[in-house]
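Student: Please examine a single part of this structure closely, and then relate it to other local features. A connected account, with the cut-offs of each term, would be most useful.

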Amino acid sequence: MLPNRFQETMETSHHNHQNPAFIGDDGRSTASTVVISSNSPVPGATAAGRDNADQEAGAGKLSEERATWGKGVEFLMSCIAMSVGLGNVWRFPFTALDNGGGAFLIPYLIVLFLIGKPIYYLEMVIGQFSSRGSVKVFDLCPAMKGVGIGQALQVFMLSTYYAALVAIIGRYFYESFRNPLPWAKCHEEWGSNCIDSAPDARNWLPQDPQDPQDDQPIQKNYTINDESQRVRTSSEWYFVKEVLHEKPDIIDGIGLPNWELVIGLFVAWLCVFLIIRRGVKSSGKASYFLAIFPYVIMGVLLIRAVTLPGAADGILYFIKPQWGKILDPKVWYAAVTQCFYSLSVCFGNIIMYSSFNKFGHNVHRDAAIVTGLDTITSLLAGFTIFGILGHLAHEIGTDDIGTVVKGGAGLAFISYPDAIAKFKQLPQIFSVLFFLMLFVLGIGSNIAMTSCSVTAIRDRFPHFKQWQCSLFIAIISFAIGLMYITPGGQYMLTLVDFFGASMIALVLGIAELYTIGWIYGTDRLCKDIEFMLGRKVGLYWRLCWSIFTPLIMTVILIYFYATYEPLTYNDKIYPGWAYSIGWTITAFGILQLPVWMIVAIVRDPGRTLGEKITGAFTPTKNWGPLDPLLREQYHKEIDNELTPKRGQGVWPAIKQNIFG
């Protein structure tokens with residue numbers, strides 16, 4: 001809770017000035033002027049004015065030039081399109097299944113409550129309050145600018161291989177119009193160890209090789225030690241042989257790009273460029289389609305899935321709790337990573353999107369909507385997928401639904417096509433709808449990641465036009481993305497995902513939480529929220545931002561490194577040069593922290609080393625709302641509120657930071 005004196009100050013300040021920040025979603029301001037009280041001087045205003053005259057003038061220009069969402073709902077739709085993505089559809093159902101089924105939902109909801117929702121709201125607030133992108137927002141603590149730069153590099157790497165996945169999805173979407181589906185039947189060149197995915201191939205287990213006329217499946221275990229002789233479905237062979245042209249290893253290199261996927265990659269980046277070329281003006285309009293259309297398709301698939309024979313058994317299998325796993329630390333780790341990556345927190349995307357909001361937009365409401373909708377979408381996807389799997393198990397005649405489809409990296413391109421091919425009635429319709437949904441979800445998420453990179457560059461180089469920067473990023477990303485659509489591309493995608501995302505994201509995310517929660521200060525953040533939104537911040541948010549969220553993330557990071565095992569792909573280890581590339585990527589991302597910390601200390605104008613260090617960990621003088629008049633009023637109020645307990649010792653400072 002905020003102290004009574006601060007509440008009185010805020011009430012007085014609201015009488016002294018009308019805040020133009022409170023602008024409705026229709027884009028109209030509720031106030032036309034700002035009247036700053038001249039009765040009391042602003043502490044340090046004169047010095048700040050002398051030191052930062054040029055910065056103030058520049059900020060004034062930026063406040064006029066910086067784009068904003070046409071309507072508040074465009075921001076909400078863009079966040080939904082960003083956070084509700086591929087992970088909800090193909091990762092969540094099987095992550096839940098592998099970690100206790102319905103019992104997984106308990107740790108997942110707890111993690112959402114203590115990590116996902118607090119971080120989402122925090123990043124929305126800090127981006128909207130400062131109108132700065134994911135790098136420039138660290139003007140709140142210049143020494144930690146490396147967090148923003150590291151996240152920008154990380155998001156750039158993610159966007160390059162995300163587009164490659166969209167290219168593969170596009171290939172499947174195109175092939176879905178064929179009759180029969182090209183992955184439904186085995187091809188002669190794939191060899192004899194192939195079984196059809198189509199429904200007339202009821203040999204779910206391989207036939208007796210001594211009796212080629214035997215149409216009945218053999219009810220016994222079938223094990224082959226030689227991986228090359230393992231029996232595979234036609235959908236798996238199609239993915240490996242026809243789509244990827246995958247190599248058995250990358251010892252002698254990754255090969256040349258597949259021209260069909262090159263076309264898909266070009267289309268993916270063309271879509272992204274066309275949508276973001278005018279910034280939020282164009283991406284905001286596209287967000288309606290990108291956010292709503294996948295739900296239309298998902299609704300159609302869900303209705304069809306639950307009406308299939310055996311669907312109820314599949315859904316029950318999905319939600320049935322395995323209580324023995326609820327205390328397993330692996331389950332909690334899976335819940336954290338699913339929540340962390342599904343919501344896209346600590347990647348800079350949320351800060352970037354919210355920086356284009358009008359100052360008083362209700363992000364508290366939006367954070368609650370997006371985090372809740374993300375979970376609901378994951379559950380709906382689970383019901384849809386396992387409804388279909390229950391139907392397939394019913395057709396095949398097995399009670400073990402877990403054996404019908406396997407999870408893993410190839411889930412979307414092996415298991416789902418295999419399931420779709422088993423529909424006896426018009427499988428093309430299901431295939432077209434499913435892959436169109438995945439394509440739209442992938443484009444929506446990639447727009448956010450690419451926009452984050454563009455915004456980071458334009459915040460640093462404001463004269464770089466939006467379309468020029470977007471085109472530059474698209475071309476560079478397309479060139480890099482060619483690596484992922486080669487015969488060894490999945491090896492490289494897995495490598496970059498692990499070393500460029502998983503290994504870096506947690507470290508930078510924790511650094512961000514401690515920076516905002518303890519260096520900048522939870523108490524100051526709460527005062528910023530009250531100044532911006534005119535609403536008090538509850539104890540739940542204070543405890544999460546200062547204690548629970550960073551502490552849980554730290555424990556997860558320790559667990560991650562304690563259980564680290566060398567990365568493999570298809571149970572094959574990488575050559576030494578690949579591991580060297582991976583660790584170089586990780587080191588480059590994490591080393592941004594100490595490098596930019598040193599740069600900030602050296603650049604600080606302080607006379608002594610102590611003054612330089614203190615200055616580097618103190619917000620810049622032009623930190624605050626982008627509007628100069630609002631910023632002046634903000635500095636007057638925040639200086640008055642942060643002064644009382646300074647210098648009273650460690651414990652009073654800790655107590656003030658947590659409880660206010």
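**One site in close view**

Tutor: Setting aside residues up to four places away in sequence, Val84 touches Tyr295, Asp374, Thr377 and Leu441, where contact means heavy atoms within 4.5 Å. The model is predicted, so that local features require pLDDT of at least 70 and side-chain atom pairs count only at pLDDT 80 or more, while totals for chains, interfaces and linings use all residues. Residues are numbered from 1 along each chain as its sequence is written, and side-chain values rest on heavy atoms, with hydrogens and water left out.

Val84 sits in the loop between α4 (72-83) and α5; helices are DSSP runs of H or I with at least four residues, strands are runs of E with at least two, and both are numbered from the N terminus. With a relative accessible area of 5%, Val84 is buried. Buried stands for under 20% relative accessible area, exposed for over 50%, and partly exposed for values in between, with a 1.4 Å probe and protein chains only.

Val84 also appears in a record: an unreviewed UniProt entry places the feature "binding site" at Val84, Asn88, Ser342, Leu441 and Ser445. UniProt positions follow the numbering used here, feature names are shortened, and annotations may be inferred rather than shown by experiment. These positions are spread over 362 residues of sequence, yet they cluster in space, with a largest C-alpha distance of 12.1 Å. Ser445, one of them, belongs to helix α16. Its relative accessibility is 6%, so Ser445 counts as buried. Beyond its neighbours within four places in sequence, Ser445 is in contact with Ala81, Met82, Gly85 and Tyr162.

Helix α16 (427-460) leads to the largest cavity, since this helix, α14 (363-396) and α15 (411-421) each supply at least two residues of its lining. A cavity is a set of points on a 1 Å grid over the protein atoms alone where a 1.4 Å probe fits but cannot get out, and lining residues have an atom within 4 Å of a point. Grid points are joined across faces, edges and corners, and a volume is the space filled by probe spheres set on the points. The count is 6 cavities of 30 Å³ or more, and the largest holds about 110 Å³ of space. Helix α14 provides the largest share of its lining, 4 residues. The lining includes Leu301, Thr384, Tyr416 and Phe434. It divides into 10 nonpolar residues, 1 polar and no charged, where Ala, Val, Leu, Ile, Met, Phe, Trp, Tyr, Cys and Pro count as nonpolar, Asp, Glu, Lys and Arg as charged, and the others, Gly among them, as polar.

Helix α14 recurs at α11, whose buried residues are covered by elements including α5 (86-98), α10 (280-306) and α14. In α11 (residues 311-319), Ala311, Gly314, Ile315 and Phe318 are buried. These residues span an arc of only 95° around the axis, and therefore lie on the same side of α11; the arc is that of the directions from the helix axis to the C-beta atoms. Ala312, Asp313 and Leu316 are exposed on the face of α11 turned away from its buried side.

One backbone detail completes the account. Ser344, a residue other than glycine, has a positive phi near 65°. Ser344 lies in the loop between α12 (329-343) and α13 (349-354), and at 11% relative accessibility Ser344 counts as buried.

Methods
On a 1 Å grid over the protein atoms alone, a cavity is a set of points where a 1.4 Å probe fits but cannot get out, and a pocket is an open set with protein on both sides within 12 Å along at least five of seven lines; lining residues have an atom within 4 Å of a point.
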